[in-house]
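Student: I would like a close look at a single part of this model, namely its charged side chains and how they are placed. Please take me through it slowly.

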Amino acid sequence: MKERYNDLTVEELVAKRDELSQKLQKIRFDMVLGHVENRMEKRNLRKSIARLNTMIHELQIGIRKA
């Protein structure tokens, strides 16, 4: 399910991105060990991180208003 990040500030977006990156790293490690129940979660996390990176970049260069 797609989450909404439109109301967050740049600092909050960066914190959320870091949190999701750590979660993705844990899932990657668990996949190597074979302990992952939902394999689609890895894809969803990567897409969410990319979405956050886009929003952070847009806010930093001034395309999007905070």
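Tutor: What follows goes through the salt bridges, then the positive patch, and then some residues of the second helix.

The model is predicted, and a search of the whole structure finds 4 salt bridges. In general terms, side chains of opposite charge can pair when their charged atoms come close.

One of the salt bridges joins Lys-26 to Asp-30, with 2.8 Å between the closest N and O atoms; both residues belong to helix α1, where they stand 4 residues apart, about one turn of the helix. The two partners differ in exposure, because Lys-26 has a relative accessibility of 52% and counts as exposed, whereas Asp-30, with a relative accessible area of 16%, is buried.

Another pair within helix α1 is Glu-19 and Lys-16, which are 3 residues apart, again about one turn of the helix, and whose closest N and O atoms are 3.7 Å apart in a salt bridge. Glu-19 counts as partly exposed, since its relative accessibility is 45%.

The side chains of Lys-23 and Glu-41 also meet in a salt bridge, at 3.5 Å from N to O. This pair links distant parts of the chain, as Lys-23 is in helix α1 and Glu-41 is in helix α2, 18 residues apart. Lys-23 is partly exposed at 41% relative accessibility, and Glu-41 is likewise partly exposed at 27%.

Turning to the positive surface patch, its members are Arg-28, Arg-43, Arg-46 and Lys-47, and helix α2, which covers residues 40-61, gives the most to it, with 3 residues. Lys-47 is found in helix α2 and counts as partly exposed at 48% relative accessibility. Arg-39, for its part, is placed in the loop between α1 (10-33) and α2, and it counts as exposed because its relative accessibility is 55%. From Arg-39 to the patch member Arg-28 the C-alpha to C-alpha distance is 9.9 Å, with their positions 11 residues apart in sequence.

Two further residues of helix α2 are buried. Ser-48 has its place in helix α2 and counts as buried at 14% relative accessibility; leaving aside neighbours within four places in sequence, Ser-48 is in contact with Tyr-5 and Leu-20. Glu-58 lies in helix α2 as well and is buried, with a relative accessible area of 19%, which falls under the 20% cut-off. Not counting residues up to four places away in sequence, Glu-58 touches Ile-63 and Arg-64.

How values were computed
Residues numbered from 1 in each chain as written. Predicted model: local features only at pLDDT ≥ 70, side-chain atom pairs only at ≥ 80, totals over all residues. Heavy atoms only, no water. Patch = residues over 30% accessible without salt bridge, like charges linked within 9 Å, V, L, I, M, F, W, Y side chains within 5 Å. Areas by Shrake-Rupley, 256 points an atom, 1.4 Å probe, with all protein chains shown as cover. Lys, Arg positive; Asp, Glu negative; His and termini not counted. Charge placed at Lys NZ, Arg CZ, Asp CG, Glu CD. Helix = DSSP H or I, 4+ residues; strand = E, 2+ residues; numbered from the N terminus. Buried < 20%, exposed > 50% of the residue type's maximum accessible area, 1.4 Å probe, protein only. Contact = heavy atoms within 4.5 Å.
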